[in-house]
Amino acid sequence: MSADLAAESVGQQPPATALWKPALVGVVAGLLSGLFGVGGGILIVPALVLVIGMQQRLAHGTALASTIPTSRSLKTQS
């Protein structure tokens, strides 16, 4: 078991990341995905892993969780 997984399993928090980094990744990924017409997850997950240093599983979970507000807003507009 790696040290990161061991730290998570005992309830320790990973190092705090400044809030502007994930926000910047989201804005840039949103602009690029809109420009190229691809899903945002194809850009957000690698950016979270490479730019912020997030673990792969956490990055996937974050990308999945970010689809909930989008899908809810589309449902309420229909």
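Helix axes are lines fitted to C-alpha atoms over the stretch in contact, and the angles between them run from 0 to 180 degrees between N-to-C directions. The views below are of a predicted model.

**View 1. Overall arrangement of the protein chain, built from four helices and zero strands.** Read from the N terminus on, the elements follow the order α-α-α-α. The protein chain has 78 residues, of which 14% count as buried. Its accessible surface comes to about 6000 Å², and carbon and sulfur atoms account for 67% of that surface.

**View 2. The crossing of helices α2 and α3.** Two packed helices are described by the angle between their axes and the distance between the axes. For α2 (residues 20–36) and α3 (residues 41–52), the axes come within 10 Å and cross at roughly 145 degrees, and the crossing is right-handed. On the α2 side the contact is made by Lys21, Pro22, Val25, Ala29, Leu32 and Ser33, while α3 contributes Leu43, Ile44, Ala47, Leu48, Val51 and Ile52. Sorted by class, the residues of this contact are 10 nonpolar, one polar and one charged.

**View 3. The surroundings of serine 33 in helix α2.** Serine 33 has a relative accessible area of 11% and is therefore buried, since the cut-off for that class is under 20%. The side chain of serine 33 reaches the backbone oxygen of glycine 30 at 3.1 Å. When neighbours within four places in sequence are left aside, serine 33 is in contact with Val38, Gly39, Gly40 and Leu43. Both serine 33 and Leu43 also appear among the residues that make the contact between α2 and α3.

**View 4. The surroundings of threonine 62 in helix α4.** Helix α4 spans residues 56–77 and holds threonine 62. Threonine 62 has a relative accessible area of 33%, a value between the limits of 20% and 50%, and so it counts as partly exposed. Leaving aside neighbours within four places in sequence, threonine 62 is in contact with Leu48 and Met54; Leu48 is also one of the α3 residues in the contact with α2. Threonine 62 and glycine 41 lie 21 residues apart along the chain, and their C-alpha atoms are separated by 9.6 Å.

Definitions and conventions:
Residues numbered from 1 in each chain as written. Predicted model: local features only at pLDDT ≥ 70, side-chain atom pairs only at ≥ 80, totals over all residues. Heavy atoms only, no water. Helix = DSSP H or I, 4+ residues; strand = E, 2+ residues; numbered from the N terminus. Buried < 20%, exposed > 50% of the residue type's maximum accessible area, 1.4 Å probe, protein only. Polar contact = N/O pair within 3.5 Å; in protein donor to acceptor, adjacent residues only side chain to side chain. Contact = heavy atoms within 4.5 Å. Left-handed = near helix turned anticlockwise from the far one by under 90°. Nonpolar A, V, L, I, M, F, W, Y, C, P; charged D, E, K, R; others polar. Areas by Shrake-Rupley, 256 points an atom, 1.4 Å probe, with all protein chains shown as cover.
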